[in-house]
Amino acid sequence: MEESRGANQTDVGKTRPLARDCSTQTISTGGQGHGLRLSKINLFSLLSLWLELFPLERPKEDDQIRNVGLVVVQDTKVMGLHYSGHELHAGQAAIIQHGARLADCQLYFSRRPCATCLKMIINAGVSQISFWPGDPEVSMLSCSPHGSPTPEEAMLDAMATEKLKSNSRSHICLLLQPLAPGMAQFVSETSRECDFMVSATDDDDFNLNTEELFCREQERHFHDFSKHFLIESAHQHREILTMMHLENFCVEPYFSNLRRNMREVVEVLASVAAGVPQRHCGFHREPPAADASSSTSSSSSPPPCHEGVSQEIAHHCIIQARLLAYRTEDPKVGVGAVIWAHRQSAVCNRPGGLSLVGCGYNAYPAGSQYAEYPLMDDKQEDKRRRKYRYIIHAEQNALTFRTRDIYPEEAAMLFVTKCPCDECVPLIRGAGITHIYTNDHDRDRDKGDISYLRFSNLTGIQKFIWQRNTVTSSYVTANGYAGKRRRREEQEKQGIKKLRDDSVADNSPPMS
């Protein structure tokens, strides 16, 4: 994911509590100019928090070591997404995958990394290490829930971490930012109205209210995330920051501002997650489209068949894409995309055995300044001032700034918040993508400037569409394939047939 405008990031010294990056956050001005968007720092912080919650195949053995999410960034481009697994910590997984390529990178941790990870990361020559100001990786909370003395291991780790920090040429800091005014409300409103929420409530067989469903999901997620990321007691939070040698963050008004900013960021994460309600919906595989070429060339060997990912991992990855969408420069439609690759023989501890290929959001070409390009959509009459010829799509950015190649023997999975358009379908096929996880609200639509006609006939790629679950909806057939579109087509055919019959009846001569 590449920045498309040259905003200067404010440097943060080790004694400076908060940093602002106001040049990367703009406020909506009633349709004139850019809408609300996440700053780079907020986006990377949210991604690291969400990665910490990546579904684990089996529990960790040491309860004192907390899971950690990590985002590796170089020149505002995401180079890697990592999290702690059964054996490796997130920092260790990043070292194994990137090695010396971590030099001059910026690392965003969901918690302060332990000394074991920190010494290797510093040795790799990273330029900046930022972490969430809560309970560190070697927990000071899990073994002392009633205020008892912190375990010796946690104290020794804190001492070693401080020693490494004071002697490091890497810039170690906190970069948690206040959100732009109105950002939390904007994320809540757009999440409540997103296509994934529409899919959860558009079945006439179920009386589900979008507002009620979203509020229930949002409240549940905020409760869970608060317990996980926020320290309820202000006094206990001060003690942890002091033991981490961050006494300057305990001084008012910095401390109150810090806790308020933490809460707002968690609220945004809860809203984004609530926009993809897992309880009623899921990704369902479509039957493969008929391929005319395959019938004429039966002698050619079929492409290798790769398995997809579980519902839990697919749900997690599509929320990664939704977080990326809030960094968009499109004033109306935010789209996010993330591409993961999976090899059956993968032994490196990556999320679910996955390796990041690339991620992105829809934006104008890199290096451009805001308002240099048109912003109008297809509802404006002046075609010369419409945005579609200039916007780089999320899938295009993810493929352009990918961190690695895609190999034929692996599954390459694209998670995108909007149905791929005709402009992106050939790129997706040519890049070697094997799976697409998305919604289909714009499928088969032609809007003149942008169309979605090719997706239905896309062959050789498994398509998983976000729909209501099989148990709760007749949209999905018994064989596991998505049947919502088929049902919709049947309803349209029945409606056309009824109109034709009525027309024939009206025009037929009266019976004598």
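This is a short tour of one strand pair and two cavities in a predicted model.

**Stop 1: strand β8**

Select residues 354-361, which form strand β8. Is this strand enclosed or open? Eight of its eight residues are buried, that is, under 20% relative accessible area, so β8 is largely enclosed by the rest of the structure.

**Stop 2: the partner strand**

Add residues 336-342, strand β7. β7 and β8 pair in the antiparallel sense. Seven bridges join the two strands. To see one of them, pick V338 and C359: C359, in β8, is the bridge partner of V338. Show the side chains too. In a regular strand they alternate between the two faces of the sheet.

**Stop 3: the largest cavity**

Now turn to the empty spaces. The structure holds four cavities of 30 Å³ or more. The largest has about 70 Å³ of space. Select S45, S48, L49, Y108, F109, S130, F131, W132, P133, L175 and L176 to show its lining. Which element gives the most to this lining? Helix α1 does, with three residues. Color 40-52 (α1), 106-109 (β3) and 128-131 (β4): each supplies at least two lining residues. By class, the lining has eight nonpolar, three polar and no charged residues.

**Stop 4: the second largest cavity**

This cavity has about 60 Å³ of space. Select R112, F131, T161, E162, K165, I172, M244 and L246, which line it. F131 also appears in the lining of the largest cavity. Next, color helix α4, residues 152-166. α4 provides the largest share of this second lining, three residues. What classes of residue are here? Four are nonpolar, one is polar and three are charged.

Conventions:
Residues numbered from 1 in each chain as written. Predicted model: local features only at pLDDT ≥ 70, side-chain atom pairs only at ≥ 80, totals over all residues. Heavy atoms only, no water. Buried < 20%, exposed > 50% of the residue type's maximum accessible area, 1.4 Å probe, protein only. Helix = DSSP H or I, 4+ residues; strand = E, 2+ residues; numbered from the N terminus. Pairing = 2+ DSSP bridges. 1 Å grid on protein atoms, 1.4 Å probe; cavity = no way out; pocket = protein on both sides within 12 Å on 5 of 7 lines; lining within 4 Å. Points joined across faces, edges and corners; volume = space filled by probe spheres on them. Nonpolar A, V, L, I, M, F, W, Y, C, P; charged D, E, K, R; others polar.
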